[in-house]
Amino acid sequence: MLTSPQIPPNAYTYAPQQHPNLILGSLQLLFWLFFRPSAWHNHLKRIDPILDTNSSLIILLRQARWRNLALRRLLIQGYFILPILANLLLGLMLWMSSKEIANIAFPVTFGVVFGVAFCVAFDVVFGVGLSVAFGVGLSVAFGVGLSVASCVPYRVAFDVPYRVAFDVPYGMAFGVGPTVEYQVAFKVPFGVAFCVAFGVAFGVAFDVAFGVAFGVAFGLGLSVAFCVAFKVQFDVWLTMKLCVAGGVGVTINSWRSVLFFPFLFVWNYLLYRLDKRRNGRSFCLLRYHSAFWDEWQFLHLPGLDEHLLFVIENNPVEGKAALEYLSTSPQRWAAQAAQIELDARSLQVCADVEAIRNAHGSLVIDELRSEISPLLQIFSRISEDVDAALNQASAYNQRLVLRDVADTLNLQLENLHRSSDKYTVRFYPIIKSWREIITNYVGELARITELRQEIDNPYTIGVPLYEQLEIFTGRTSIGLRIEQLLRDRRRPPLLLYGQRRMGKTSLLYNIGKLLPSNIIPMFVDLQGAPSSASDHAGFLYNLARKMEKSAKKQGVILPSLAREVLKSDPFTYFYEWLDKVEQVLEQNTALLALDEFEVLDNAIAKGRFDEQDVLGMLRHLIQHRPRFKVLLAGSHTIEEYQRWASYLINVQVVHISYLKEAEARQLIEHPVKDFTLRYEPNAVERVLQLTRCHPLLVQLLCAEIIVLKNEQDPSIRRLAILADVEAAIPKALQSGGFFFADIQNNQVDATGQAILRFIAAQGEGAIVSRQTLLQQFLHADITFNLLLQRELIEEVDDGYRFQVELIRCWFFQPDMISKTR
């Protein structure tokens, strides 16, 4: 975690630094071992990257790593200081229980010796993590056993060292049975203590929490081993005692959390009350909450979410650090609850449409909060839609999109009203408030328009026509052609081919209106996140995310695909995800529409993606998944991209060009319902002549006509005449400079520009003979073919002329040309 002056040192991290004091640092290690295993593991890694709980320090020291001072410090603390401290603590407890010093010294000394011995022995066999746990645990076990033995007559207690040193090995070797006093005084108490300590060490070192069954089995095994080793007569009561003792030890991480819960509840509550009394002054006491030092507490700690929110409000930096820590801890529920409340507060403070349009940027939506994620996604989509509405150039289009957003909010209000979800009470007022804000804003726009008696401008220039926009017109013949090809049993891939700004993307956004309901369009703009990804996992993740988002607009909810899943084997997991998608589709067909496929080709050419993997995936999709149809869209043919041609066989081209005349007339005279501007017939004809029914140019010119009419007196404002159309031409050329400049700079070379300027200079509708052009431009056959392919000129008889008059006007303006060079 990044350090900050506003975050206490060693707080809210899984890798705290060890205390520099040798004694305190040793106790800290013991605390980590029992309560914070992640801190213990990270401490080992910090000492040496190859070190873990299974590493043997003895072997590491033999590998000339003894020069590592931190490693030697760990050896001293774990194998010497901790056993000594543990048995000194035991001695203090025995002394406080009024035992004589003579009866305390021996068990403490003997426990230390055995603790150190077991540390070294277990280190060689099991590694540092288990050896420290066993060393401390068994040293205490021996001390407890010997202390219990000290309660019998002095002769028996004094005889213990002798028995341990000589009688036990002798008895094991020759089968001589121990005395009853010896069994009662030492072996049985020691056995119980040994089983508990051994189980605790085993449970802590191996993070064991297998339950009662494993504990009983574990204790039974220890009891048998104990009886064999010490020649204790096997009986049921002893076995039961040892089973319980071993089970208690092994399952420590299960029962300890329940046993400690009342004490931790009181402790945590006091911390919260103290923080409230201190008014959240830095630093907060939240860092001492048990959620940050007891990683075995699986029970929910009440009030943690409230304490976390309090800290976030008063010390945002510290609160964020705590939130990040808890999000990966057993108390992640508190992080989830706090984040939900933070999101609710950020949504609640939105007081106008500007705040609502920016709300989606601050929302945190992840898979961890599956219950609330759908509701937050609704808010995010509404925020994005409001942002898209406010980006519309005209007040009319803003109102149009915002009305759809208000309808969506009304639907959500109805759904929440019927819902029994626990978050309904919290978020229902927020949705209601947003609906009122948006509805009031739509009304304000309408009042301003009516007050000014302005003509609503429904035209959209330079951006695709989203499905919410009513102005999308025509293309029914293209929709029928696509539907016919989708029903072809050969399942050919489709290519929607047309010049730039001809309406390909707008068609893909609205294609659901032109196709049967059993065909689910999944629109993916390859200019966005998919092609900008750095690897295959990112590409497939973004592709799946766009497919999921597009399908949701059609009312189909696809399963989600986590990015982490794709990292190890991206294409295999993507294919598995497609299997799940096909189950959701049932009898429907998915139309995967990939817009701007040239951008993906460019990414492949740069080596960001592998050609065989990506294009092979598309070919596999076409050939082996009948529920999926693939449609590419671009301004180039497949033949211009040979790598695609070798993977996509029998591609069927759907050509998109100018609107039909009837469609263009509708776009001019009746773009939307209740359009208030009327045209004289010759004015309409002139618009058709100038634009040749080019969808963008019709909108461009008509939008400028509306701007011009809104500047006129209201008495003549609502009728467009021929003079208005002519007056709008210069403005249209200027505002549409992005379109014309793209033709000049990106679609033709210098020779092509010269040819276009030469033809343009001949006047409107002029046809220039081929012979004249070849005399003027030698060896320009290839350029002529390119200009024809780009649909800039057309061949008439034995000559050429511009297809679109407005484009000719652009190339006839020397000043406009110079500005774009």
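**Helix packing and nonpolar cores**

Helices α28 and α29 are oblique to each other, because their angle falls outside the classes of roughly parallel (under 35 degrees), roughly antiparallel (over 145) and roughly perpendicular (65 to 115). The axes of α28 (residues 661–669) and α29 (residues 681–691) come within 11 Å and cross at roughly 120°, where axes are lines fitted to C-alpha atoms over the stretch in contact and angles run from 0 to 180 degrees between N-to-C directions. Helices here are DSSP runs (H or I, at least four residues), numbered from the N terminus.

This is a predicted model, in which local features need pLDDT of at least 70 and side-chain atom pairs count only at pLDDT 80 or more, while totals for chains, interfaces and linings use all residues. Residues are numbered from 1 along each chain as its sequence is written, and side-chain values use heavy atoms, without hydrogens or water.

In the contact (heavy atoms within 4.5 Å), E661, A664, R665, I668 and E669 of α28 meet V684, E685, V687 and L688 of α29.

Turning to the interior, the largest nonpolar core, a set of buried (under 20% relative accessible area, 1.4 Å probe, protein chains only) Ala, Val, Leu, Ile, Met, Phe, Trp, Tyr and Cys residues joined through side-chain atoms within 4.5 Å, has 60 residues, of which Y679, L697, L701, I705 and I807 touch the most other members. Helix α30 (residues 695–710) gives the most to this core, with nine residues. Leaving aside residues up to four places away in sequence, Y679 touches I668, V684, C702, I705, L719 and A720.

Notes:
Helix = DSSP H or I, 4+ residues; strand = E, 2+ residues; numbered from the N terminus. Buried < 20%, exposed > 50% of the residue type's maximum accessible area, 1.4 Å probe, protein only.
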